[in-house]
Amino acid sequence: MLRTFLTAVRGPAVFVGRCFSSEVSGAVSTLAGFSSPPFSTEASLYVHWPYCLKRCSYCNFNKYIPRSDNQDVMLECLQRETETLLKLSQVSRITSVFFGGGTPSLAHPSTIAAVLETVARHSGLSEEAEVTLEVNPTPVGSSKLEDFLHAGVNRFSIGVQSLRDDDLKVLGRDHNSQHALQTVAEARRLCPGRVSVDVMFGRPGQSVASWELELDELLSVCDDHVSLYQLTLERGTQLFRQVQKGQLSVPSDDITAVMYESARRILQKRGYLQYEVSNFARNGAISQHNMSYWKASQYLGVGPGAHGRFVPHGEGDVCREARTQTLEPDVWLREVQQRGHGTRRRIPLTHLGLLEEVLVMGLRLIDGITHQHWQLFSPRADLHQILSSSSEVQDLQQTGLLILDDRGLRCSWQGLALLDSMLPTLLLLLEAYITQGLQEQQARGPP
Amino acid sequence: MQLSLIKHHGCATPFLRHLLDFRVYQTRQRSQYCNIACTVIRHRWMKRAPVFCTHNTTNKMISTQADKESIDMSKFPVERIRNFSIIAHVDHGKSTLADRLLELTGAITTTDKNKQVLDKLQVERERGITVKAQTASLFYKYQGQTYLLNLIDTPGHVDFSYEVSRSISACQGVLLIVDANQGIQAQTVANFYLAFEAQLTIIPVINKIDLKNADPERVEKQIEKVFDIPTEECIRISAKLGTNVEQVLQEVVKRLPPPTFKKEDPFKALVFDSNFDHYRGVVANIALFGGYLSKGDRIISAYLGKSYEVNELGLLRPDEHPTDRLYAGQVGYVIAGMKEVKEAQIGDTLYHQKHLVEALPGFKPAKAMVFAGMYPTDQSDYSALRSALEKLTLNDSSVTVQRDSSLALGAGWRLGFLGLLHMEVFNQRLEQEYNASVIVTAPTVPYKAILSSAKLIKEHGKEEITIVNPAQFPDRSVVKEYLEPMVMGTIITPDDYIGKIMSICLNRRAVQKNMVYIDDHRVMMKYLFPLNEIVVDFYDLLKSMSSGYASFDYEDAGYQVAHVIKMDILLNGKPVEELTTIVHKDRAYSAGKAMCERLQDAIPRQMFEIAVQAAIGSKVIARETIKAYKKNVLAKCYGGDITRKMKLLKKQAEGKKKMRYIGTVQVPKDAFINVLKRKDK
């Protein structure tokens, strides 16, 4: 009994404590300025549509098969939450919008239009702002593209995944390669130069040769942007179980590494420049919205399970928070109706926590992190100070995996494929530098 | 369990001892509470003491008649004294028989709950084995005369045979127990020879005749064949049901010779065991080989030449029962202000200050046969573990302790044990009685080297050195020859398994010395084994391939010249100190290969290729390769993935702090533990 009581009391207390301590450290030091990250008057917006018609065998994402048509309630709640979060963040400009899911192309184009209107009503949304919609390449999806365009969408991201019908079946997709080609063509007609396709490698039974062939085929029909994903087996998915039971086998790590390298090579040859670990663009058609994640800009997350990163200025706070909305659509709907939003978790990011995200996300970019960019978040400690003296970093530079020069910090071509092996080293150095700096400042006392 | 002990025979025991038991019980709680618990208990004892006393005396009055306040020990001349031990293979019912004998003679009251009264340790009761010898003096009336029968219960496993041989030296005869169903087992043979070589009278007792499959006739024939004891001499009993147990006592009186010592001679006693009591110091168990000893006497330890005053002496029944005197031929305990177990050296001779006597030959000190590194699972538990080790070794002086440290496992010890069971029992006691969580490395054996380098001989002060830690292994160039410890193994098995067993023995470099049928279906085989070949998993293998029917026992068989070599394990050319092992030349390849394979599985892939090699000197004998990562980057990382991704990376970064670096190779500590630790059964 006592214990239950204590936890009950402690729950919110810890929360308050954390907030408090991060503010105190901000106040004591001259770090106060850092806690308010740059461009806090701007943000991008992610809107999550949680429903799918069926479950893909590899997907463990937050999606639900709808029991009944609840487009009206969804519309109402998406609008309501957008409004609430916009007010809370007090941003004056939304730089881009991304409708993801789930299968957002299942939403009525009018729903998309209504959300965009809400954005425009409560903050600035310029004509040029990128508005992307994820599209399932089914005949139904394809037929709605024009309506989506009229609703305000100006970029389509199409989940082609594969051009092999057998593989699409194994993946549990509800389209075939014919549908995919038609959808891509239709999207290109509507939004030339602003269509992206998702393609997946490392699929069950796939060989390097067949992958190269398939990619060539795809590149001859696709537009200026390609996202390249390796199939990852997630626990709890049907595919995971099938592989566990030995019913299916996926290519080994060494094979998928070769697939990745050959895809990078092929894409480059065809004029698609890699700008991030999984993203390639021709004619400068990079995704502005996704770029803002890798640049650690602010973003609002609306919809069940959506994530956001922004400063809730509306509550008088100055530090950025990592926010997560309630996962289950029904619960989220109820919460939005009752409270205006379905924010389930708020974790204030410390100065160190924010810098860690800047580092981890920024190094995914082919251009890495420039000194100017780093300085926006860390005016006092530059990358040289933090990393140069480490022998491990020197080793990484000597082996040609990591580059730290006058431009900034970035991975080499070869290093990009090994980024996750380097990050723990870099994170430890960052942590050591920042905590040491804090201790020194605290030892000196308030100025 | 400790509490129930108090209840059942608390009446006959000084309460203090029970409180000690109780205190030990308390220390089993988490170590950080240890101090508090001790204080509380002591405090409670002060308050409770009178209550205990009253309880004690009232009970004593209604207790058995033989239990007089003070027994006049002069009433028991040597003619009416018999000193004997019970020896048996594990599980053949030795402790159950001891319980019955205690009940029959009124040393303990008869209840269902007397289960292995002499086995006081939790591990003893759980495993059904006796680890520590215990003594009980019994009064038995036979044909109008009261006899003093001193039962010295002995451990049943060969690891503890040094305890058996000590106990035997205080006896004139033994009861050799054999299970009526299982028949003679490997330890039966080992124990028989210990008694036989000491020229003791042996009474074979066939136990468990109440079992459905009991075949006492067959067992009698085995005994006749293997030990050359006529079948008529066997006593068939059921210790569990009490059948014929009385006869055992009668035969002890009739067949065993009385001791031949004289009370007119000067006082002379053998120290055959000792215990440590936190309040009273050392309690030494002694057998009087001449004269008598009284309270207040000044005695001298022949070993140390130190003199002590006798504060208390008496009988063990099995709890301490003070008397005024002990006479020649009798067995009991003495407390004489000895503060350390070392002062009551086992095998030492005690004599009167005024009458110098020739010291008894004593015993060879127990010799460690198996060594293993022991480290706290968490280094912050180091000092708690150290104090647990100290306490445990106080009562088990046969464990040798050396400080050791390993780069991978931190600070710890290298412990020497008498054998594998001894090691297991010790670990179990450490875990159970002290709640310590430890990592135990794979056991190794002590090798010897005969040095050839004059310089080294001078350095060591001798030509022959013993190598316990592979790090100290001297190079071939300065050594005349290496020696490895050998054991004579006895295997008794149904003949269906002979083929399989012979082939595993061959694989273990064993040489067959003998093979006889002990009855129509059972075979006894003798093999000379290198100890190293049996320390890790031989016994388990033998058991599993014989469906549990084969039994195995071994005895020390000295050292033999062996071509042993030091094998290094290298990661990208850098030696890993803690994985260096000493192996026989013929086994180097397979051992090296196994080690490399285990490491290959245990070390995660890194950004560069890692060569895992086993090497003898500069020659690589086995190699596995851990291929470099070609790709390690999350494919998809957008706004919704950051939180999860950061959590994962932070965890990896934390894990990196705990890595051990061999050159640039990161090795998780678990990897070493997996390679070093004994495989779980």
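**Aromatic pairs, a helix crossing and a buried leucine**

Let me begin with two phenylalanines in chain B: Phe538(B) is buried, and Phe552(B) is buried as well. Please keep in mind throughout that this is a predicted model.

These two residues belong to a wider set, since the structure holds 26 aromatic pairs over all chains. A pair of aromatic rings is described by the distance of the centres and the angle of the planes. For Phe538(B) and Phe552(B) the centres are 5.0 Å apart and the planes stand at 65°, an edge-to-face arrangement. The pair links distant parts of the chain, with Phe538(B) in helix α15, residues 538–545 of chain B, and Phe552(B) in strand β26, residues 551–561 of chain B, the two being 14 residues apart.

Staying with aromatic rings, I would next point to a cluster linked by ring pairs, which consists of Tyr229(A), Tyr275(A), Tyr293(A), Trp294(A) and Tyr299(A) together with Tyr638(B). Tyr229(A) also has a charge over its ring, because the charged end of Lys636(B) sits 4.9 Å from the ring centre, where the cut-off is within 6 Å. Within chain B, Lys263(B) lies over the face of Tyr327(B), at 5.4 Å from the ring centre.

Now to chain B as a whole, whose secondary structure comes to 18 helices and 33 strands. Chain B has 681 residues, of which 56% count as buried, and its exposed area is about 30200 Å², with carbon and sulfur atoms supplying 51% of that area. Among the contacts in chain B with a separation of 6 or more, 69% are between residues 24 or more positions apart.

Two of the helices of chain B deserve a closer look: α10, residues 382–394, and α11, residues 420–434, have axes that come within 11 Å and cross at roughly 115°. The crossing of α10(B) and α11(B) is right-handed. On the α10(B) side the contact is made by Leu385(B), Ala388(B), Leu389(B), Lys391(B), Leu392(B) and Thr393(B), and on the α11(B) side by Phe426(B), Arg429(B), Leu430(B), Glu433(B) and Tyr434(B).

Finally, I turn to Leu219(A), which lies in helix α8, residues 208–219 of chain A. Is Leu219(A) buried or exposed? Its relative accessible area is 3%, so Leu219(A) counts as buried, the limit for that term being under 20%. Leaving aside residues up to four places away in sequence, Leu219(A) touches Val226(A), Ile266(A), Leu267(A), Arg270(A) and Tyr272(A). For one of these, Ile266(A), which is 47 residues from Leu219(A) along the chain, the separation between the C-alpha atoms is 9.3 Å.

Key
Residues numbered from 1 in each chain as written. Chains lettered and ligands numbered in written order. Predicted model: local features only at pLDDT ≥ 70, side-chain atom pairs only at ≥ 80, totals over all residues. Heavy atoms only, no water. Helix = DSSP H or I, 4+ residues; strand = E, 2+ residues; numbered from the N terminus. Buried < 20%, exposed > 50% of the residue type's maximum accessible area, 1.4 Å probe, protein only. Contact = heavy atoms within 4.5 Å. Areas by Shrake-Rupley, 256 points an atom, 1.4 Å probe, with all protein chains shown as cover. Phe/Tyr/Trp six-rings, centres within 6.5 Å; stacked < 30°, edge-to-face > 60°. Lys NZ or Arg CZ within 6 Å of the ring centre and 35° of its normal. Axes fitted to C-alpha atoms, helices over the stretch in contact; angles between N-to-C directions. Left-handed = near helix turned anticlockwise from the far one by under 90°.
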